[in-house]
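Trainee: I am new to this structure. Can we go through some of its labels and ask what stands behind each one?

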Amino acid sequence: MTLIPTILCGGAGSRLWPVSRELHPKPFIRLADGQSLLQKAWLRGAVLPDVAETLTVTNRELFFKTEDEYREVAAIPGSRINRFILEPFGRNTAPAIAAAALQVAATHGEEACLLVLAADHLIADQTAFAFAVTQAMQLATQGKLVTFGIQPDMPETGYGYIEADIDSPLLAGGITSDSAALPPSRMASSFSEGLGGRAGYPVLRFVEKPNLEKAKEYLASGRYLWNSGMFCFQAGFMLREMEQHCPAILEATRACMAQSRIAEGKGFSQLDLDATTFRLVPDESIDYAVMEKSRNVAVVPCNIGWSDIGSWTALGDLTAPDAQGNRIEGEVVLHDVSNCYIQSNQRMVGAVGVKDLVIIDTPDAVLIADRSCAQDVKHLYARLKADGHEAHRLHCTVHRPWGTYTVLEEGKQFKIKRIEVKPGASLSLQMHHHRSEHWIVVSGMARVVNGQQELFVNTNESTYIPAGHKHRLENPGLLNLVMIEVQSGEYLGEDDIVRFEDIYGRTEK
């Protein structure tokens, strides 16, 4: 059977600020092994049997960043074409899954299975995950919308829960109705024996995040699993369920896709959703729109080493502690410090006489929080966003389709940037009204259009772009082009740009 791993990549970047930002959300955070959560999600799906292609639904502004992430890990057995659906803005998971199901049905037929994965979760046991997917696909062919339930090991209040009908296993290898006579502690143990993808069960209900008392009840009953937010279903069956339970979402998404642009090339396909019609699509989660209403939902319980990395505490727990319980990433000097998580990728951090803290240092922002309040970091993000502060949206290093730029220093009427352009990439033919620019090539070679002149600028050479001149920067070489840009003028905002030609479709209409 054809399997399409479908990755939903987005998020606001609020819970892991200041490393995550609106344009650098959690999926792009790199772990200690150098891979991002997004790369791990892509690899997780790409290596499964019967994969025809991978499909990613993401924001248009994150497309080139996502493509770069995949390019780093794409040389792997099992990988096929990368297909993208690009949203102009977020509309929750139901529209994203509707678009994905419509796309897969049109490309591979209604019987093809979608495996919907979050881009920002961590799964430690790939073997157990693959086995759970096999069981989910089996249930999907029987006309089920399948979700993956995680065996709870604590009364967690930060997750939604799934109540399973453990008396009615759908696949061989699960527990039987005899377990109903067991006391709660034995029932929970018996339920856990059906985990690891060895059984599937009908879903009785989905439950929102509970309070602690309820969470303890759920854990003791042995009937509840954490809702992982991962799904498996046949494209046609999901579309028929959406026709029944959320027809407005399905029809609005279908109408939007009919008005959207498709671009295809070697190894990729890109559907760019039309912003005007996409705005008419209702904003709802797939849980609320379909899963909570359908009578054809099953859960595959699994023990796969799953975490949604929902806080700095959870991320810090991935790092081994020292003898004092400190978890350290980067260059740190400590005296009388215990049970702290400290991360710094550039500067040295010193700490004295503190405990139970989270300290996160980035080039333009520092977070200091009590470990017990790690979930409240989102309030800082909300405040920055409400105040219009750029620190909620961007890092000092900003990703663009052609490469990156980093603001090194900024003052009155000047700004200094480090610009890195990928091989073969080109910035737009553009002009600035209020600023002039000096370009100094540090490494590589630049092809430059400067007014009516075209020239090559080599390492240790420079050129000057007066305000009002049409100009373009291109890297014609095989290595990255690195240069320093010094801007000067009365206004240095990023919106002082007029694009005349652009290979990435960003010219003004």
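**Values against cut-offs**

Mentor: Start with Glu-61, and keep in mind that the model is predicted. Glu-61 has a relative accessible area of 53% and is called exposed.

Trainee: Why is Glu-61 called exposed?

Mentor: Exposed means over 50% relative accessible area. Glu-61 is at 53%, so the word applies.

Trainee: Where does Glu-61 lie?

Mentor: Glu-61 is in the loop between strand E2 (53-59) and helix H2 (63-73). Setting aside neighbours within four places in sequence, Glu-61 is in contact with Leu-23 and Arg-393.

Trainee: What makes the pair of side chains of Glu-61 and Arg-393 a polar contact?

Mentor: The limit for such a pair of N or O atoms is 3.5 Å. The side chains of Glu-61 and Arg-393 are joined at 3.3 Å, so the pair qualifies.

Trainee: How many disulfides does the structure hold?

Mentor: The structure holds 0 disulfides. Cys-246 is in none; its nearest cysteine sulfur, in Cys-256, is 15 Å away.

Trainee: How do you know that the sulfur of Cys-256 is too far for a bond?

Mentor: A disulfide needs sulfur atoms within 2.5 Å. For Cys-256 the closest cysteine sulfur, in Cys-246, is 15 Å off, so there is no bond.

Trainee: Why do Cys-246 and Cys-256 count as buried?

Mentor: Buried means under 20% relative accessible area. Cys-246 has 6%, so it is buried. Cys-256 has 0%, so it is buried too.

Trainee: Which residues of H8 are buried?

Mentor: Cys-256 is one of them, along with Ile-249, Leu-250, Ala-252, Thr-253 and Met-257. The buried residues of H8 pack against several elements, including helix H3 (93-108), helix H7 (235-245) and strand E11 (268-272).

Trainee: How do you know that the span of helix H8 agrees with its number of residues?

Mentor: H8 has 12 residues, 247-258. At 1.5 Å a residue, the helix should span 16 Å. Its end C-alpha atoms are 17 Å apart, which agrees.

Trainee: Now the sheet. What makes E14 and E17 edge strands?

Mentor: The open sheet has 4 strands in the order E14-E15-E16-E17, with mixed pairing. Strand E14 (327-335) and strand E17 (365-370) each pair on one side only.

Trainee: How do you know that strands E15 and E16 pair?

Mentor: Pairing takes at least two bridges. Strand E15 (residues 341-352) and strand E16 (residues 357-362) have 4, in the parallel sense, so they pair. In E16, Ile-359 is the bridge partner of Ile-342.

Note on methods
Residues are numbered from 1 along each chain as its sequence is written. This is a predicted model: local features need pLDDT of at least 70, side-chain atom pairs count only at pLDDT 80 or more; totals for chains, interfaces and linings use all residues. Side-chain values use heavy atoms; hydrogens and water are left out. Helices (H or I, at least four residues) and strands (E, at least two) are DSSP runs, numbered from the N terminus. The expected span of a helix is 1.5 Å times one less than its number of residues. Buried means under 20% relative accessible area, exposed over 50%, partly exposed in between (1.4 Å probe, protein chains only). Contact means heavy atoms within 4.5 Å. A polar contact is a pair of N or O atoms within 3.5 Å; within protein, one must be able to donate a hydrogen and the other to accept it, and residues adjacent in sequence count only if both atoms are side-chain atoms.
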